[in-house]
There are 2 protein chains.
Amino acid sequence: MEAEPLGRRERKRLATHHALRTAALQLGAERGIRDVTVEEIATAADVSVRTFYDHFPSKEDAIIGFDAWRVGQLRDALASRPPDEAPLEALRVVMAQFFHESSDEWPLRMRAINADPALMGRMFVSFIAYERTLVEVIEQRTGLDGERDPYPALVTAVATAAFRASMTTARASGGGLDPAATFDAAIARLSDALRPPAHEDGRAAC
Amino acid sequence: MEAEPLGRRERKRLATHHALRTAALQLGAERGIRDVTVEEIATAADVSVRTFYDHFPSKEDAIIGFDAWRVGQLRDALASRPPDEAPLEALRVVMAQFFHESSDEWPLRMRAINADPALMGRMFVSFIAYERTLVEVIEQRTGLDGERDPYPALVTAVATAAFRASMTTARASGGGLDPAATFDAAIARLSDALRPPAHEDGRAAC
DNA sequence: TGAATGAATTGCACATCGTGCAGTCACTTT
DNA sequence: AAAGTGACTGCACGATGTGCAATTCATTCA
């Protein structure tokens, strides 16, 4: 899907980026992000405070915010699903896959969220940024105009709602429920209601 | 529903609260909240900066955050819906009513959000705080245990998803679509899929 | 009525946040 | 080899959010 050689400079930048995120994740999971200063994170990653802000707009974003890079990845994944697949199903596959991808980060991220539940909110905000991109793809897939038809925004919002609810419930159950399985079940429940609307000419919308 | 005489002290506090919110709303709608300092808001409401922080944790909350008072109001409204009403329908009624209530604030709030779209995210986060309360009421209504059954969290998340999507679409359409009507339509669409699950003994859940 | 209580407001101090700017150095390009 | 570009850095500064002690005033209780 991509094959850039990636020069030394680029590699170094990515290394710094990763070191900062890891440090933030680690410290946030240990002591709660509120009790960690940007200076500590920067020191742990062995860069200056100023450099931290060149990579992330805030320490919270270093923990829960998702890069433009991953947004693009998600968009490509959704765009390359079979065109005849139901939108909600396509979203389910892509989101599950996305969850699986950075699975090593999730345990730390979850501990950080437990230490400071406000982070959950920040994470949902970042979902919204994703939604905007996903809605665009859904519009293309279905050929619907998002400014006139609420459908694309609705399916996408419902998909992330299912994702959110799964995480919340899994957290409330204290590990008794598997978030991934709960997510699948929730989507299955909703899929009947959210088949795309027919076009005005009667042609199916996807 | 309530009938507290409300002493002078209480009235003064509410007046201060309202003055601060109005000032924040006004200034935020005019110039965008990023370009407004807490000091300006406090001055406009004729109180000290320190007092501002006694009422709101941040200037963003003064614009979009909803009080504990309104949370309680919403909870009571939901709890007093007929017990045999479908959960999603009860949520629809209550949320529509909530939207209608502070209808004078919405135009300003919308302008503030247009001036700084990040506020939309903050608002959705505040929805999440509401969700927690609403989920509890839904659990009581349906008799389901939120730690074992994902249903209460799911219906509520879906309801707010519909609300969010309606606002987003209405905003994208540039006033062409009525958010309230779009919201109703979205809920209608989803209601079939989200009837509560039957209890294990076969009895209907609400 | 008069004293005690407690809540709202205030100024002050302080740690932290987030950003603009200019400079250095390493890598890349031509 | 020279010019150019981009990552990192220190510095300065306005703004944020919070603890603390003092003041004022509504409320309550003796």
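This report describes a predicted model of two protein chains, A and B, with two DNA strands, C and D.

## The fold of chain A

Chain A is built from ten helices and has zero strands. Read from the N terminus on, the order of its elements is therefore simple to write, as α-α-α-α-α-α-α-α-α-α. The C-alpha trace of chain A spans about 60 × 45 × 25 Å along its principal axes.

## How the two chains are related

Chain B can be laid on chain A by a rotation of 180° with 0.1 Å of shift along the axis, and the RMSD is then 0.2 Å. This is the relation of a two-fold axis.

Which surfaces do the copies use to meet? Of the interface residues of chain B, 100% are also interface residues in chain A, so the copies meet through the same surface.

## The interface between the chains

Contact between the chains involves 32 residues of chain B and 33 residues of chain A. The size of an interface is often given as the accessible area lost when the parts come together. Here chain B and chain A bury about 2400 Å² between them, and 68% of that area is on carbon and sulfur atoms. On the chain B side, B:Leu154, B:Arg164 and B:Arg189 lose the most area to chain A, and together they make up 23% of what that side buries.

Two salt bridges are counted between chain B and chain A. In a salt bridge with an N to O distance of 2.7 Å, the side chain of A:Arg164 meets the side chain of B:Glu131. The count of residue pairs in polar contact between the chains, both at pLDDT 80 or more, is four. Which helices of chain B each supply at least two residues to the side that touches chain A? They are helix H8 (118–142), helix H9 (151–172) and helix H10 (179–191). H9(B) gives the most, with twelve residues. By class, this side of chain B has 20 nonpolar, six polar and six charged residues.

## The surface near DNA strand C

There are 21 residues around DNA strand C, and those that come nearest are A:Arg9, A:Arg50, B:Thr16, B:Thr51 and B:His55. Of the atoms of DNA strand C that come within 4 Å of the protein, 58% belong to sugar and phosphate. Both chains take part: helix H1 (8–31) and helix H3 (49–55) of chain A, and helix H1 (8–31) and helix H3 (49–55) of chain B, each supply at least two residues of this surface. H3(B) gives the most, with four residues. The residues of the surface near DNA strand C divide into four nonpolar, seven polar and ten charged.

Some individual atom pairs can be named. A polar side-chain atom of A:Lys12 is 3.2 Å from a phosphate oxygen of DNA strand C. For B:Arg13, a polar side-chain atom lies 3.4 Å from a phosphate oxygen of this strand. What part of DNA strand C lies 2.8 Å from a polar side-chain atom of B:Arg9? For B:Arg9, the partner is a base nitrogen.

## The surface near DNA strand D

DNA strand D is surrounded by 20 residues, and the closest are A:Arg9, A:Thr16, A:Thr51, B:Arg8 and B:Arg50. Sugar and phosphate account for 62% of the atoms of DNA strand D that come within 4 Å of the protein. Three contacts with phosphate oxygens of DNA strand D can be listed:

- A:Thr51 has a polar side-chain atom 2.5 Å from a phosphate oxygen of DNA strand D.
- B:Tyr53 has an N or O atom in its side chain 3.2 Å from a phosphate oxygen of DNA strand D.
- B:Val38 has a polar backbone atom 3.5 Å from a phosphate oxygen of DNA strand D.

The elements that give two or more residues to the surface near DNA strand D are H1 and H3 of chain A together with H1 and H3 of chain B. Which element gives the most to this surface? H3(A) does, with four residues. By class, the surface near DNA strand D has four nonpolar, seven polar and nine charged residues.

Conventions:
Residues are numbered from 1 along each chain as its sequence is written. Chains are lettered from A and ligands numbered from 1 in the order in which they are written. This is a predicted model: local features need pLDDT of at least 70, side-chain atom pairs count only at pLDDT 80 or more; totals for chains, interfaces and linings use all residues. Side-chain values use heavy atoms; hydrogens and water are left out. A residue is near a molecule or strand if one of its heavy atoms lies within 4 Å of it. A polar contact is a pair of N or O atoms within 3.5 Å; within protein, one must be able to donate a hydrogen and the other to accept it, and residues adjacent in sequence count only if both atoms are side-chain atoms. Ala, Val, Leu, Ile, Met, Phe, Trp, Tyr, Cys and Pro count as nonpolar, Asp, Glu, Lys and Arg as charged, and the others, Gly among them, as polar. Contact means heavy atoms within 4.5 Å. Buried area is the accessible area (1.4 Å probe) that two parts lose on being put together, summed over both. A salt bridge is a side-chain nitrogen of Lys or Arg within 4 Å of a carboxyl oxygen of Asp or Glu. Copies are superposed by least squares on the C-alpha atoms of residues with pLDDT of at least 70 in both.
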